[in-house]
Every structure is written in structure tokens, then in C-alpha cells.
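Grab a pencil and work through these short exercises on pockets and sheets. Each task comes with a solution, one step at a time.

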Amino acid sequence: MTPKQRAILTSIGVKLGDFPNSIDLDYSKPPKLVMTLTQEAAGFSNPINMQDTRACFEAWCLIIKAKTSNSGLKIELDVDGITVASYPGGKPANGHLGRFLYRSLKFSEQYKDWFKLSPILDNLKNKFKTYLDSHTFVTSAPSGAPKKAIANYNLESYVEYLFCDSISAQKDVLGLSSGTTIDRQLPVSLFDATKSNTTGVFTGGKSAIDFWAVDGDTINVYELKSDNPMVGIITEIFFYSNYVHDVFISKSLDHGKGCVEIEDGTYRSYNKIIAVKQVKGIMLSNSNRKGWHSSLVPPIRTAIEKIMNANGMSGAIQYKFLEYQLNPLKIGGYYISK
């Protein structure tokens with residue numbers, strides 16, 4: 001964190017242990033705080049992942065709003081060096097930019113009382129909105145079952161498997177009833193008209209929700225962290241929750257305009273999602289060991305949850321922080337408890 005950033009944050013009553021140097025802050029016109037990302041963070045050039053500390057603007061905006069002593073604080077998002085020509089409209093140049101424009105659109109709509117985009121970024125967002133309104137998009141269903149070779153998992157994949165395999169963890173930690181449909185690795189790719197290597201609107205490949213559960217008419221989507229304290233967990237769950245709502249419930253990406261066609265598929269219970277009516281986005285991390293980021297202590301998580309849920313979506317998308325304990329077994333591996 002630079003001295004300038006620290007001074008600005010202190011002036012609005014926000015104390016942070018760290019903040020990315022690459023995100024510029026300007027508070028020259030109170031109560032408006034201008035947050036400026038690099039082009040890499042927004043996907044305009046050499047894109048970085050949205051959960052990266054330098055790119056997860058939603059997380060930082062919500063943390064600042066939860067911590068500030070200035071209840072009237074407004075936040076404006078900008079990207080350094082962009083012009084109205086930086087995005088001419090149509091399919092974005094890469095999936096990272098597509099996700100950024102989509103996230104900017106949804107975040108500015110749902111939190112418009114205190115968040116807005118700079119004039120140029122708003123212009124680019126409106127071009128993207130026009131693109132969403134006038135095209136047909138298709139999804140990518142899972143092409144097979146998730147991998148089962150536990151020995152080859154990293155820690156989070158291993159814990160993801162435990163949650164989907166353990167009835168006790170589902171009941172005691174997740175609060176799910178027996179018989180709930182639960183599965184792993186739900187793709188969040190999107191394609192323009194047809195699925196191909198050149199038609200991707202969002203990132204494809206391994207881009208997927210960690211695991212998910214259909215509980216009555218609600219789909220719970222889980223972003224899981226295990227010994228991986230990241231503020232980006234907020235950005236990931238925001239994108240995933242909006243994606244699932246728009247693709248599987250609204251079947252359009254902009255309030256009924258445009259069209260999303262869901263690819264047929266039965267792997268990972270993909271065909272059981274179509275009857276859901278609301279989305280619950282759950283940020284799940286371990287409470288012991290090194291679980292939550294230092295900026296996400298319990299009181300701040302509670303405040304962020306309240307802000308996120310005041311999104312004008314009439315309950316169609318709601319968010320929750322949830323935690324578990326990750327305990328080592330004497331014979332190797334781990335088990336999960338509340």
C-alpha cells in the first residue's frame with residue numbers, strides 16, 4: 001500500500017492491512033472515492049484473473065463500504081488509459097474483458113445508490129449491454145464426471161470432493177437436507193451463437209463453480225477456499241451468482257433481452273438446475289489454520305453480507321459467508337467439521 005492510498009483510506013475511517021499498489025485511489029471530490037484499475041486488471045491488455053487482488057474491484061468496494069466511517073461514501077470505478085475506442089462493441093476481445101464488462105454492468109445496476117462507473121467506462125458498459133440485448137448465446141455443459149483421483153488433487157479440490165462426498169459435512173456445515181442434489185465443477189463459460197474456440201464471451205476451459213447444490217427451488221453456488229485467504233472470494237461469488245441467475249433462471253443476460261440457450265447435458269446433474277428460481281451465493285472458507293483474509297474478520301463479513309444482499313434483486317440473488325474447520329487425520333488427509 002502506498003502512503004497516498006493509506007492517507008486516503010485513513011481519511012474515510014478505513015484501516016486495511018494491505019491494498020494493491022496498482023489500484024489508484026482519488027478522494028479529491030468528497031464524498032466520491034475514485035478507484036482506478038490497470039488495463040490488465042480489467043482485461044483490456046495482458047489480462048489477469050478476476051479473483052486476483054489487483055482485479056477484484058467488487059471485493060475492495062464492499063470492504064471499503066463496510067469499514068468506512070463515512071456512511072455517504074460513493075465509489076466510482078475507472079480504468080487507467082481507456083478511451084471510447086478501447087471496446088468498439090460486439091464480442092469482447094477476450095473472456096477476461098467479457099467477464100469484467102459483465103461484472104461492471106451488474107455491479108453498477110445492483111449497487112447504484114453508492115457505486116457508479118466513470119463516464120468512459122459507462123460508455124463501454126453500455127456498448128456491451130447493447131451486445132447482450134441483441135444476440136443469442138450458448139453455454140457449455142459438462143462433458144464428463146469430475147476427476148476422482150484424490151491423490152492428484154490440490155488442497156481445495158480435495159476439500160471440494162469431501163464436501164460433495166460427506167453427508168455429515170453437507171448436513172452439519174452446509175445445512176443441507178438429505179437427498180439434496182450436490183455436484184462439483186459447474187462450467188461458467190459462454191459463447192456467441194455457437195460453441196467454438198473463437199466465440200467465447202467469458203473465459204472457458206477450467207472456469208467453473210467449485211461445487212453447487214439444488215435445495216428445493218434454490219441453487220446454492222459455493223466458492224471454496226482452503227488455507228487460501230483471498231478477498232477475491234467476493235468477486236468470484238458475485239460473478240458466479242449472477243451468471244447462474246441469468247443463464248438458468250432468466251435465460252437472458254440483460255433483464256429478458258437477448259437469449260441464452262442451455263446446452264443439453266446430464267453429467268454432474270446439469271439437467272437438474274433448470275427448475276430453480278433463486279440463487280444463493282456462498283463464500284466458504286476454513287475458520288481454523290489460515291482461512292479468511294485479514295480484511296474479512298467476522299464483523300466485516302456480516303456488514304458485507306448486508307450490503308451485498310441489498311441488491312435490488314427482490315431476493316433472487318442472496319449471499320452468505322460460511323465457515324468450516326479443516327482437521328488433519330492421523331492416517332493422512334483431512335476431515336471437515338463445523
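**Exercise 1.** About how much space lies in the second largest pocket? Then list its lining and sort the residues by character.

*Solution.* Keep in mind that you're looking at a predicted model.
- Step 1: the space in the second largest pocket comes to about 150 Å³.
- Step 2: its lining is made up of E109, Q110, Y111, K112, D113, W114, I307, A310, N311 and G312.
- Step 3: sorting that lining gives four nonpolar, three polar and three charged residues.

**Exercise 2.** Now take the largest pocket: find its volume, the residues nearest its centre and the elements that line it.

*Solution.*
- Step 1: the largest pocket holds about 990 Å³ of space.
- Step 2: its lining counts 41 residues, and those nearest the centre are Q185, G205, K206, S207 and A208.
- Step 3: on to the elements. Helix 4 (95-110), helix 6 (155-165) and helix 8 (232-250) each give at least two residues to this lining. Strand 6 (181-187), strand 8 (208-215) and strand 9 (218-225) each do so too.
- Step 4: by character, the lining splits into 10 nonpolar, 19 polar and 12 charged residues.

**Exercise 3.** Which strands stand at the edges of the open sheet with the order 1-2-3-4, and why is one side of each left without a neighbour?

*Solution.*
- Step 1: write down the order, 1-2-3-4; these four strands form an open sheet with mixed pairing.
- Step 2: the edges are strand 1 (24-29) and strand 4 (115-117); each has a single partner strand, so one side of each has no neighbour in the sheet.
- Step 3: for the twist, neighbouring strands of this sheet are turned by 25 degrees against each other on average, direction ignored.
- Step 4: zoom in on one pair. Strand 3 (residues 74-79) and strand 4 run parallel and are joined by three bridges. Here L77 sits opposite L117 of strand 4.
- Step 5: add the helix. Helix 3 (residues 57-67) lies across strand 2 (32-37), strand 3 and strand 4, and its angle to strand 2 is about 155 degrees.

**Exercise 4.** Do the edge analysis for the open sheet of three strands, then find the bridge partner of V138.

*Solution.*
- Step 1: the order is 7-5-10, and the pairing is mixed.
- Step 2: strand 7 (191-192) and strand 10 (259-261) each have a single partner strand, so they stand at the edges with one side lacking a neighbour in the sheet.
- Step 3: strand 5 (residues 136-138) pairs with strand 10 in the parallel sense, over three bridges.
- Step 4: the bridge partner of V138 is E261 in strand 10.

Note on methods
Residues are numbered from 1 along each chain as its sequence is written. This is a predicted model: local features need pLDDT of at least 70, side-chain atom pairs count only at pLDDT 80 or more; totals for chains, interfaces and linings use all residues. Side-chain values use heavy atoms; hydrogens and water are left out. On a 1 Å grid over the protein atoms alone, a cavity is a set of points where a 1.4 Å probe fits but cannot get out, and a pocket is an open set with protein on both sides within 12 Å along at least five of seven lines; lining residues have an atom within 4 Å of a point. Grid points are joined across faces, edges and corners, and a volume is the space filled by probe spheres set on the points. Ala, Val, Leu, Ile, Met, Phe, Trp, Tyr, Cys and Pro count as nonpolar, Asp, Glu, Lys and Arg as charged, and the others, Gly among them, as polar. Two strands pair if DSSP finds at least two bridges between them. Axes are lines fitted to C-alpha atoms, for helices over the stretch in contact, and angles run from 0 to 180 degrees between N-to-C directions. Contact means heavy atoms within 4.5 Å.
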